[in-house]
Amino acid sequence: MKRIILSLCAIAFIFSCSNDDDGNCETGGTQASNFYALTVGNSWVYKNYIYNTSTEEYDYSGVIDSVEVVGTQEANGNTYFEFKTLTSGNDDNNPLLNVNGERTELLRDSLGYLVWETGAIKFTNNDFSERLLNEQDWGNTYETLQQGTSEFIVEAGNFTSINSHRYAKSNPDGTLLPGLDNIYYSDGVGFVYETISFVSSNIPRIQRRLDSYSVQ
C-alpha cells in the first residue's frame, strides 16, 4: 500500500447519478448559474508542480494541461460539453501526471453535480455528504465537500473557492490514512487547483494549479 495514489484522476468513480428520468442527482440543492463555466470556447491552462524532498518546496515540472470546451454532444437525452485536454511536457511519463497527448471528456451540470456521460460524478458544489469513490482490497477512497468558501491564490489570480477533501480509509477497520487531497473550484471559473498524494503520506506529491484562463 506504500505507493498507492490517492487521487483518482484516471479511475472511474463508482458513485453515480440515477439513470432514470433526466439523470439528475436529487439533493434539494440549488444549481448555481454556470458554476463550472460550461460554455463552448472557454479555456484553461494548468501547470503541474512536483514536491522536492530536499527543499520541501514544489518545483515546476514543465508539464502543462491545456483545456478547452470545444463543443457539445447529446447523450442519454442530455446535452454534454466536450472538454478537450492537451498535455505536454511529461516526456518522462511520470505516472502521477497526465500522459502527453490529447483526450476528451463529456461533462454536464446536474443540479450542482458535475457528471460524465456515464452518470459518474466528478465534483459536487452542494452535497456535503461523504461520497464513496472507489473500493479496493486495501481500503476505500472517499470525497467530502467542505462547508463554506475560502480565498485561494494560484498563478491565475485570487479566487473565492469551495474545497473538497479526498482521502482513504483502510480495510477492514476503517482507519483514516495519512494522505489527503484538496480540490478547489470557483464559481464561474471552474476547476482551480488540486493535489495528488499517496495514501501513506501527508505531503502531496503533485500540485496542479490554474495558470491562466479565458471564460465567457
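Here are a few worked exercises on this predicted model.

**Exercise 1: the overall layout**

Work out how many helices and strands the protein chain has, and what share of its residues is buried.

Solution. Start with the secondary structure: the protein chain comes out at 0 helices and 13 strands. Reading along the sequence, you just get β-β-β-β-β-β-β-β-β-β-β-β-β. Next, burial: of the 216 residues in the protein chain, 46% are buried. Then the surface: the accessible area comes to about 10500 Å², and carbon and sulfur atoms own 47% of that. Finally, look at contacts between residues at least 6 apart in sequence: 53% of them join residues at least 24 apart.

**Exercise 2: strand β8 and its partners**

Find which strands pair with β8, and in which sense.

Solution. Take β7 first, which covers residues 131-135. Strands β7 and β8 pair in the antiparallel sense over 4 bridges, and a hairpin of 3 residues joins them. To pin the register, note that Glu-135 has Asn-140 in β8 as its bridge partner. Now for β10, residues 157-170: this strand also pairs with β8 in the antiparallel sense, over 7 bridges. Here a handy anchor is Gly-139, whose bridge partner in β10 is Ser-170.

Follow-up: is β8 largely enclosed or open? Count the buried residues of β8, which spans 139-145: 7 of the 7 qualify, so the strand is largely enclosed by the rest of the structure.

**Exercise 3: the end of the chain, β11 to β13**

Trace how β12 is paired, and say what stands opposite Tyr-185.

Solution. Strand β12 runs over residues 190-196 and is mostly covered, with 7 of its 7 residues buried. Strand β11 (residues 176-186) pairs with β12 in the antiparallel sense over 4 bridges. Between these two strands sits a hairpin with 3 residues, where Gly-188 takes a positive phi near 85°. Across the pairing, Tyr-185 stands opposite Phe-191 in β12. Then comes β13, residues 206-214, which pairs with β12 in the antiparallel sense, again over 4 bridges. In that pairing, Ile-196 has Ile-206 as its bridge partner.

**Exercise 4: classify an aromatic pair**

Decide whether the rings of Tyr-185 and Phe-191 are stacked, edge-to-face or tilted.

Solution. A pair of aromatic rings is described by the distance of the centres and the angle of the planes. The structure holds 14 aromatic pairs. For Tyr-185 and Phe-191, the ring centres are 5.7 Å apart and the planes meet at 45°. Stacked needs under 30 degrees and edge-to-face needs over 60, so this pair is tilted. Both Tyr-185 and Phe-191 are buried. They also belong to one aromatic cluster, together with Phe-35, Tyr-36, Tyr-46 and Phe-123.

**Exercise 5: charges over rings**

Identify the rings that Lys-47 and Lys-169 sit over.

Solution. For Lys-47, the charged end sits over the ring of Tyr-60, 5.1 Å from its centre. For Lys-169, the ring is that of Tyr-142, with 4.9 Å to the ring centre.

**Exercise 6: Arg-108**

Determine whether Arg-108 is buried or exposed, and what its side chain contacts.

Solution. Arg-108 lies in β4, residues 101-110. Its relative accessibility is 8%, and buried means under 20%, so Arg-108 counts as buried. The side chain of Arg-108 makes a polar contact with that of Tyr-80, at 3.3 Å. Thr-79 is 29 residues from Arg-108 in sequence, yet their C-alpha atoms are 7.0 Å apart.

Terms used:
Residues are numbered from 1 along each chain as its sequence is written. This is a predicted model: local features need pLDDT of at least 70, side-chain atom pairs count only at pLDDT 80 or more; totals for chains, interfaces and linings use all residues. Side-chain values use heavy atoms; hydrogens and water are left out. Buried means under 20% relative accessible area, exposed over 50%, partly exposed in between (1.4 Å probe, protein chains only). A polar contact is a pair of N or O atoms within 3.5 Å; within protein, one must be able to donate a hydrogen and the other to accept it, and residues adjacent in sequence count only if both atoms are side-chain atoms. Two strands pair if DSSP finds at least two bridges between them. Contact means heavy atoms within 4.5 Å. Accessible areas come from the Shrake-Rupley method with a 1.4 Å probe; for residues, only the protein chains shown count as cover. Rings of Phe, Tyr and Trp (its six-membered ring) pair if their centres lie within 6.5 Å; planes under 30 degrees apart count as stacked, over 60 as edge-to-face and the rest as tilted. A charge sits over a ring if NZ of Lys or CZ of Arg is within 6 Å of the ring centre and within 35 degrees of the ring normal.
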